[in-house]
Amino acid sequence: MITIRKGTERGHTDLGWLDSYHTFSFGDYFDPRNMGYRDLRVINEDRVQPSKGFGTHAHRDMEIISYVLEGALEHKDSMGTGSIIRPGDVQLMSAGTGVTHSEFNPSPDEVVHFLQIWIIPDRIGLKPGYQQKSFAATRRKGKLCLVASPDGREGSLTIHQKAEMHAALLGTGEQVSLPIKPGRSAWVQVASGSVSLDGALLAAGDGASVADGTSLTVRATQPSEVIVFSFS
């Protein structure tokens with residue numbers, strides 16, 4: 001069964017320096033029908049204006065993934081980490097017992113466009129941690145590349161949850177399939193372009209849950225970037 005969450009129906013926050021769309025309830029946007037999916041709690045599509053960003057703020061007991069689509073994002077945190085995240089990079093911050101961080105667009109003239117994703121960890125009170133890896137376009141082109149998993153296999157980031165995250169770059173007509181094992185379900189998020197998900201058309205910003213199936217097939221109807229989460 002496929003349930004579509006249209007991008008045009010998402011929550012929206014516009015602060016001038018920040019333009020953000022919320023797939024699930026977040027901040028001042030509250031929709032009891034869309035509080036997350038399985039352990040996936042937040043998907044925010046953010047655009048931050050040049051030389052602007054999020055000041056230092058705190059998190060705890062959450063796995064926080066940043067996935068940059070365009071531009072660059074500067075990260076600093078209380079663990080002493082400082083980094084720049086660019087397209088192809090995936091950052092995973094395990095907030096655990098507590099961490100503070102800031103996110104800033106260091107460019108003087110280019111907007112940074114990224115997805116911020118929160119996944120509920122399998123236990124609370126973890127030691128805070130930081131990971132960042134680059135997944136070249138060649139690893140994602142025409143295929144589902146594993147970027148996060150519980151065991152860090154295939155060079156993926158290690159997440160504290162029975163969840164997997166794949167990313168794909170698809171040319172028009174290209175398709176990828178992912179088996180959904182018994183007891184698992186999936187969420188598909190279209191970051192750019194448009195795709196057909198088992199016959200259902202999804203545009204950029206759309207998401208869909210996939211349950212009670214043995215596999216899912218995503219076919220690009222134009223050049224597209226797609227993220228697929230699966231949960232047990």
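## Salt bridges and cores: worked exercises

Lys6 comes out as partly exposed, because its relative accessibility is 31% and that class sits between buried (under 20% relative accessible area) and exposed (over 50%), with a 1.4 Å probe and protein chains only. We're working on a predicted model, where local features need pLDDT of at least 70, side-chain atom pairs count only at pLDDT 80 or more, and totals for chains, interfaces and linings use all residues. Residues are numbered from 1 along each chain as its sequence is written, and side-chain values use heavy atoms, leaving out hydrogens and water.

**Exercise 1.** Find the salt-bridge partner of Asp206 and say where the two residues sit.

*Solution.* Start with the cut-off: a side-chain nitrogen of Lys or Arg has to lie within 4 Å of a carboxyl oxygen of Asp or Glu. Lys6 fits, with closest N and O atoms 2.9 Å from Asp206. Next, place them: Asp206 is in the loop between strands S18 (200-203) and S19 (207-210), while Lys6 is in the loop between S1 (2-5) and S2 (11-14). Strands here are DSSP runs of E, at least two residues, numbered from the N terminus. So the bridge links distant parts of the chain, 200 residues apart. Finally, check burial: Asp206 is buried, because its relative accessibility is just 3%.

**Exercise 2.** Work out how exposed the partners are in the Glu45 and Asp61 salt bridges.

*Solution.* Take Glu45 first: it pairs with Arg47, closest N and O atoms 3.5 Å apart. Glu45 is buried at 8%, whereas Arg47 is partly exposed at 30%. Now Asp61, which pairs with Arg60 at 3.6 Å. Asp61 counts as buried at 18%, and Arg60 is exposed at 52%. One last step: shared partners join Arg10, Glu45 and Arg47 into one network. The whole structure has 10 salt bridges.

**Exercise 3.** Which residues touch the most other members of the largest nonpolar core, and what does Ile117 touch?

*Solution.* A nonpolar core is a set of buried Ala, Val, Leu, Ile, Met, Phe, Trp, Tyr and Cys residues joined through side-chain atoms within 4.5 Å. The largest one has 27 residues, and Leu40, Ile65, Tyr67, Ile117, Met165 and Phe229 touch the most other members. Elements giving it two or more residues include S6 (63-70), S11 (112-119) and S20 (215-231). Then zoom in: skipping residues up to four places away in sequence, Ile117 touches Leu40, Val42, Glu63, Ile64, Ile65, Met165 and Phe229, with contact meaning heavy atoms within 4.5 Å. Apart from this core lies another, of 19 residues, among them Ala186 and Leu216.

Definitions and conventions
Helix = DSSP H or I, 4+ residues; strand = E, 2+ residues; numbered from the N terminus.
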